[in-house]
Structure formats: structure tokens, C-alpha cells
Amino acid sequence: YNLPSKLETIGDYAFAENDKLNNLFIPDSVISLGKYFVYGDTKLSKIEFSDTSNLTRISYGSFTNSGIITIRIPSSVSTIAQYAFSECNSLISITFAANSKLDILPSYIINDCSSLTSIVFEGDNNLVSISANVFRDVNSLERIDFGNAKLENIDNYSFMNCSKLKEITLPNTVKSIGRYAFNGCSSLSTLSLPYSFGNKLP
């Protein structure tokens with residue numbers, strides 16, 4: 001489904017509970033996706049953006065309970081609200097395009113995503129902080145790649161109970177790791193910390 005080429009904002013619940021929508025192309029002109037804009041669209045398997053997208057904001061619960069399988073988030077996105085991908089049980093992977101402007105991953109962004117295995121930041125990006133509970137209880141998650149992020153802060157419970165996560169490499173810029181950040185990561189065999197981190201683990 002193609003939207004008008006000059007559309008700038010997609011409102012809250014704009015396509016919610018639509019059982020006929022299978023794919024959706026978001027035009028470059030769109031700068032904001034509303035709350036729950038495709039909520040409950042379980043047959044919606046594909047949402048596409050071009051590399052020249054001007055999208056800056058993905059709102060609270062935007063993709064909640066939709067049927068998307070993979071998604072590549074444009075580099076222009078600087079804000080993603082909580083629960084943006086909550087209950088997307090068909091979602092397997094999330095990729096952030098190179099030069100991503102996103103600096104904070106919000107809490108519960110992928111809450112109850114039971115099939116998610118991979119999260120990748122491509123190349124250089126602006127990621128600085130991972131909020132509390134971002135990946136908590138996502139026990140299907142196997143891979144996360146921060147690319148060349150300037151990540152500084154990993155908050156409390158960030159990766160708690162990611163039981164299939166086997167290894168993770170943290171950028172040399174990391175300065176703090178919160179309480180129980182990796183608690184319950186029962187398959188984690190390799191955790192590569194910055195050399196300068198020394199004995200600062202909580």
C-alpha cells in the first residue's frame with residue numbers, strides 16, 4: 001500500500017486493526033509515526049522506508065501487535081518511544097541503518113517480542129544509552145551488534161533473562177553498567193568489556 005508522496009504525519013491509530021493490510025511503504029516526506037498507528041495489524045508483514053527517508057519519530061506503541069517480520073529503521077530517526085514494537089510476535093530482526101541519529105534506546109521497546117533473534121546497528125551511529133529493561137525477558141534474542149556506537153551507559157536490567165544471548169562486545173566508550181544488567185543470561189559465555197573498564201563491574 002502506497003501513501004501520498006507529500007504526507008508528513010501519520011496520526012494515532014491511523015491503520016489500527018486493519019485485517020487487509022499486508023505491506024506498507026512509508027514515503028520520504030513522513031517525519032512522524034503516530035501512537036499505535038498499525039496496532040493489531042497481524043497480517044501486516046512488511047513496512048518499508050527508503051534510504052532517503054526523513055522520518056524522525058516513532059511514537060509510543062507505533063507497531064504494537066503487528067505482524068511485521070523484519071524492519072530496517074532509517075538513519076534519520078532520532079526518537080523511538082517506549083513499547084514501539086511491543087507484542088510483535090512475528091518480528092525476527094531489527095536493523096538500524098548506518099549513521100543512525102538515535103541516541104537512546106527506550107525501556108520496553110521490544111516488550112513481549114517472542115521471536116526476535118537479532119538487533120543490528122550498521123556502522124557509525126549515535127547510540128549513547130540503553131535504558132532500563134530494554135531487552136529484559138526477550139529470551140529469543142541471540143545477537144546484538146552495536147556497530148561503531150559511542151555507547152556510554154547500560155542501565156539496570158537491560159539484558160536481564162536474555163537466555164539465548166551467547167556473546168556480546170561492548171564498545172570502548174562504555175562507562176557504566178547498571179545492576180543486574182546481564183542477570184539470567186544463562187547462555188552468555190563471552191562478554192567483552194572495554195579495556196579501560198577495569199574492575200568497575202557492580
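The following dialogue examines how the named features of this predicted model are justified.

Biologist: On what basis are residues and side chains treated in this model?

Modeller: The model is predicted: local features need pLDDT of at least 70, side-chain atom pairs count only at pLDDT 80 or more, and totals for chains, interfaces and linings use all residues. Residues are numbered from 1 along each chain as its sequence is written, and side-chain values use heavy atoms, with hydrogens and water left out.

Biologist: Why are strand 3 and strand 5 called paired?

Modeller: Strands are DSSP runs of E of at least two residues, and helices are runs of H or I of at least four, numbered from the N terminus. Two strands pair if DSSP finds at least two bridges between them. Strand 3 (residues 32–33) and strand 5 (residues 57–58) share two bridges in the parallel sense, so the criterion is met. Within this pair, Ser32 stands opposite Arg57.

Biologist: To which sheet do these strands belong, and which strands form its edges?

Modeller: They belong to an open sheet of four strands with the order 1-3-5-7 and parallel pairing. Strand 1 (9–10) and strand 7 (79–80) are the edge strands, each pairing on one side only.

Biologist: What makes strand 9 and strand 15 edge strands?

Modeller: Another open sheet of four strands, again with parallel pairing, has the order 9-11-13-15. Strand 9 (104–105) and strand 15 (176–177) each have a single partner strand, so one side of each is left without a neighbour in the sheet. Further in, strand 11 (residues 129–130) and strand 13 (residues 153–154) run parallel and are joined by two bridges. Ser129 stands opposite Asn153 there.

Biologist: How do you know that strand 2 and strand 4 are paired?

Modeller: Strand 2 (residues 23–26) and strand 4 are linked by four bridges in the parallel sense. Phe25 has Glu48 of strand 4 as its bridge partner. Strand 4 (residues 46–49) has a covered face, formed by Ile47 and Phe49, and an uncovered face, formed by Lys46 and Glu48.

Biologist: Why is no disulfide assigned between Cys162 and Cys185?

Modeller: A disulfide is a pair of cysteine sulfur atoms within 2.5 Å. The sulfur of Cys162 is 5.1 Å from the closest cysteine sulfur, that of Cys185, and is therefore too far for a bond. Cys185 is likewise in no disulfide, and the count comes to zero.

Biologist: Why are both of these cysteines called buried?

Modeller: Buried means under 20% relative accessible area, exposed over 50%, and partly exposed in between, with a 1.4 Å probe and protein chains only. Cys162 has a relative accessible area of 0% and Cys185 has 9%, so each counts as buried.

Biologist: What makes Ser62 buried and Tyr83 partly exposed?

Modeller: Ser62 has 0% relative accessibility and therefore counts as buried, whereas Tyr83, at 24%, counts as partly exposed. Ser62 is in the loop between strand 5 and strand 6 (70–73), and Tyr83 is in the loop between strand 7 and strand 8.

Biologist: Which residues touch each of them?

Modeller: Contact means heavy atoms within 4.5 Å. Leaving aside residues up to four places away in sequence, Ser62 touches several residues, including Leu33, Tyr36, Phe37 and Ala84. With its neighbours within four places likewise left aside, Tyr83 is in contact with residues including Tyr60, Thr64, Ser107 and Asn111.

Biologist: What makes one space a cavity and another a pocket?

Modeller: On a 1 Å grid over the protein atoms alone, a cavity is a set of points where a 1.4 Å probe fits but cannot get out; a pocket is an open set with protein on both sides within 12 Å along at least five of seven lines, and lining residues have an atom within 4 Å of a point. The structure holds one cavity of 30 Å³ or more. The largest cavity has a volume of about 40 Å³, and the largest pocket holds about 260 Å³.

Biologist: How many residues line the largest pocket, and which element gives the most?

Modeller: The lining of the largest pocket has 18 residues, with Ile47, Glu48, Phe49, Ile71 and Arg72 nearest its centre. Strand 4 gives the most, with four residues.

Biologist: Why is the lining of the largest cavity called nonpolar?

Modeller: Ala, Val, Leu, Ile, Met, Phe, Trp, Tyr, Cys and Pro count as nonpolar, Asp, Glu, Lys and Arg as charged, and the others, Gly among them, as polar. The cavity is lined by Ile94, Phe96, Leu105, Ile109, Ile110, Ile119, Val134 and Phe135, giving eight nonpolar, no polar and no charged residues. The lining of the largest pocket divides into six nonpolar, eight polar and four charged.

Terms used. Grid points are joined across faces, edges and corners, and a volume is the space filled by probe spheres set on the points.
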